[in-house]
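Colleague: Could you walk me through reading empty space and burial in a model like this?

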Amino acid sequence: MKDGALLETLPFSTEKELTTFVENKRTFAVDEMELHVFETYESCTLVPLKFDDLVMVNMLQGKKVMHIGQVEDFEYYPGQMLVLPANTKMLIDFPEASIHRPTQCTALVISKEKIDGVLNYLNEFSPKHQMIGEWNFNPDLFHLYNTPELTELLNKFFRIMMGSNSLKSVFADLAFKEIMIRLLQKQSLLALEIGTSSNVVLLHLKDFVRRHISEKISLETLQKVAHMSKSSLTRLFKKELGMSLWSM
């Protein structure tokens with residue numbers, strides 16, 4: 001199993017908040033976002049779940065087995081995130097959940113208007129460099145592993161959503177926008193890793209580096225291969241992938 005950075009476990013439900021042992025839910029809402037915290041205290045199978053808007057699901061504690069459409073069933077652990085389109089039907093197994101070892105996960109549900117607002121802003125003020133298409137979520141790359149940067153942002157966002165600051169909506173909005181950008185960059189990197197990126201420059205550079213992996217490759221060499229200046233090449237990596245050129 002590939003490891004992702006682990007999120008902090010959130011405070012569990014109090015006895016008064018516990019209404020069921022299977023997917024007990026607490027909800028914290030701000031404007032067009034709802035953060036649901038789910039806990040399961042007994043082993044069970046094929047528990048149905050669906051959301052009306054795009055949802056970002058993060059496992060915090062325990063293990064699930066996910067059944068999603070035609071995708072092969074897979075185990076789901078802390079450190080992983082699912083980004084699923086609206087109305088995606090899920091069936092979930094909890095093979096190890098118990099009163100002493102409950103599972104805990106979050107589901108952040110975001111309205112289409114909220115998502116579109118951030119995407120439109122990015123496409124207008126920070127368009128993709130030499131890329132076919134625009135900023136958008138790739139529904140085929142829905143299973144991700146949290147980076148340390150993304151984990152830090154999510155922990156901060158959860159604290160904001162569960163807190164009572166008078167400016168909670170402002171802080172939550174700012175944190176969510178940064179989370180979205182990190183997620184989009186993560187999807188771009190994953191697309192590059194598996195060879196489905198639509199950015200021909202990045203794919204060409206990846207192929208060149210792999211073919212010359214035993215050689216010392218200079219920045220000047222990569223500039224010539226990409227037919228780009230040093231500054232343009234550096235900006236391409238930062239904008240598209242959120243990483244340094246030398247982290248490729």
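Modeller: Gladly; we will take the cavity, then a threonine in a strand.
This is a predicted model, where local features need pLDDT of at least 70, side-chain atom pairs count only at pLDDT 80 or more, and totals for chains, interfaces and linings use all residues. Residues are numbered from 1 along each chain as its sequence is written, and side-chain values use heavy atoms, leaving out hydrogens and water.

Colleague: How many cavities of 30 Å³ or more are there?

Modeller: Rolling a probe the size of a water molecule over the atoms shows where empty space is left. A cavity is a set of points, on a 1 Å grid over the protein atoms alone, where a 1.4 Å probe fits but cannot get out. Points are joined across faces, edges and corners, and the volume is the space filled by probe spheres set on them. Here the count is one, and the largest cavity holds about 40 Å³.

Colleague: Which residues line the largest cavity?

Modeller: Lining residues have an atom within 4 Å of a point; here they are F38, L49, F51, V57, K64, M66, M90, I92, C105 and A107. Nine are nonpolar, none polar and one charged, with Lys among the residue types that count as charged.

Colleague: Is T40 buried or exposed?

Modeller: Buried means under 20% relative accessible area, with a 1.4 Å probe and protein chains only. T40 is buried, at 0%. Its side chain reaches the backbone nitrogen of E23 at 2.9 Å. T40 also has contacts (heavy atoms within 4.5 Å), including F21, F94 and P102.

Methods:
On a 1 Å grid over the protein atoms alone, a cavity is a set of points where a 1.4 Å probe fits but cannot get out, and a pocket is an open set with protein on both sides within 12 Å along at least five of seven lines; lining residues have an atom within 4 Å of a point. Helices (H or I, at least four residues) and strands (E, at least two) are DSSP runs, numbered from the N terminus. Buried means under 20% relative accessible area, exposed over 50%, partly exposed in between (1.4 Å probe, protein chains only). A polar contact is a pair of N or O atoms within 3.5 Å; within protein, one must be able to donate a hydrogen and the other to accept it, and residues adjacent in sequence count only if both atoms are side-chain atoms. Lists of a residue's contacts leave out its neighbours within four places in sequence.
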